[in-house]
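User: Could you take one buried spot in this structure and look at it closely with me, then follow what surrounds the metal and the charged pairs? I am new to this, so please go step by step.

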Amino acid sequence: MKIICIGRNYAKHIEELANEKPEEPVVFLKPDSAILPKNNPFFIPSFSEDVHYEVEVLVKINKVGKHIATRFAHKYYDEIGLGIDFTARDVQARCKEKGLPWEKAKAFDGSAIIGDFFPKTDFDLENLSFQLLKNDSVVQDGNTSNMLWKIDELVSYVSQYFTLKKGDIIFTGTPDGVGKVKENDVLVGTIEAKESFQIRVK
Ligand code: MG
């Protein structure tokens, strides 16, 4: 399976990192080795002093598709979940500066938290609220209504480049409120008040 991630999909997050608003979705990949096994703690990697959480809505692909039209995209997923795109922000800043790829900052072991999935029919996907709590305080409070590109547009867009296969997961971008994690933080992700994951930072 592969993990396809979207960057810069919420205007306020683009502002908080002082990034340029993209004309097309920003896309990068994480390998399957990036997935943190369920119930494992997240260990801050030794190569970074500034690892950030980014909570994101996840889409799980349910069949093979390529060049999917936006109007048919809904047929390619049944489940929606929540996860974290852990980012070594200091490493990413150095990559950006030099115009280098982001993988060392974004695709390292444990950088993909994949929480529980729920049937998409449980939700209004155009108006889905989700939160990240750090040590019981809300640090990110997002809603899919603020996405620059909607889920079906993202499925269509990425399928122009990558054949989507059953089990692939799309990370749809983070809202504002990203921040640094430190040892002993507890991160809880909720989607319409349903808990999707709980992670301890080591
Ligand atoms: Mg992200």
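Analyst: Let's begin with D168, which counts as buried because its relative accessibility is 2%, and buried means under 20%. Please keep in mind that this is a predicted model. Along the chain, D168 sits in the loop between α4 (151-159) and β10 (169-171). A polar atom of the D168 side chain lies 2.8 Å from the backbone nitrogen of K165. Leaving out residues up to four places away in sequence, D168 touches M1, K2, V59, K60, I61 and T163.

One of those contacts, K60, leads us to the charged pairs. Side chains of opposite charge can pair when their charged atoms come close. K60 does this with E79: their side chains meet in a salt bridge, 3.7 Å from N to O. Since K60 belongs to strand β4 (residues 55-61) and E79 to strand β5 (residues 77-85), the pair ties together parts that are 19 residues apart in sequence. Both ends are partly exposed: K60 has a relative accessible area of 27%, and E79 has one of 29%.

Strand β5 also holds D85, which takes part in another such pair. The side chains of K106 and D85 meet in a salt bridge of 2.8 Å, N to O. Here K106 is in helix α3 (residues 103-106) and D85 in strand β5, and the pair links distant parts of the chain, 21 residues apart. In this case the two partners are buried: K106 has 3% relative accessibility and D85 has 0%. The pair also belongs to a wider group, as K30, E54, D85, R89 and K106 are linked in a network of salt bridges.

Now for the metal. D85 coordinates the magnesium ion through OD, while E54 and E56 do so through OE, at 2.0 to 2.1 Å. Along the chain, these donors follow the spacing E-x1-E-x28-D. How buried are the two glutamates? E54 has a relative accessible area of 3%, so E54 is buried, and E56 is buried as well, with 0%. Two of the residues that hold the ion, E54 and D85, are thus found again in the salt-bridge network.

For a contrast, look at K38 and D116. They form a salt bridge in which the closest N and O atoms are 3.9 Å apart. K38 lies in the loop between β2 (26-30) and β3 (51-53), and D116 lies in strand β7 (residues 112-119), so this pair ties together parts that are 78 residues apart in sequence. K38 counts as exposed, at 53% relative accessibility, whereas D116 is partly exposed, at 36%. A search of the whole structure finds 9 salt bridges, among them the K38 and D116 pair.

Finally, let's turn to the nonpolar residues. The largest nonpolar core has 58 residues, and F42, I80, F86, I151 and L187 touch the most other members. Take F42 as an example: apart from its neighbours within four places in sequence, F42 is in contact with residues including L36, V51, F86, F108, V181, I199 and V201. Its contacts also include G110, R200 and K202.

Definitions and conventions: Residues numbered from 1 in each chain as written. Predicted model: local features only at pLDDT ≥ 70, side-chain atom pairs only at ≥ 80, totals over all residues. Heavy atoms only, no water. Donors = N, O, S within 2.8 Å, 3.2 Å for Na, K, Ca; no water. Buried < 20%, exposed > 50% of the residue type's maximum accessible area, 1.4 Å probe, protein only. Helix = DSSP H or I, 4+ residues; strand = E, 2+ residues; numbered from the N terminus. Polar contact = N/O pair within 3.5 Å; in protein donor to acceptor, adjacent residues only side chain to side chain. Contact = heavy atoms within 4.5 Å. Salt bridge = Lys/Arg side-chain N within 4 Å of Asp/Glu carboxyl O. Core = buried A, V, L, I, M, F, W, Y, C linked by side-chain atoms within 4.5 Å.
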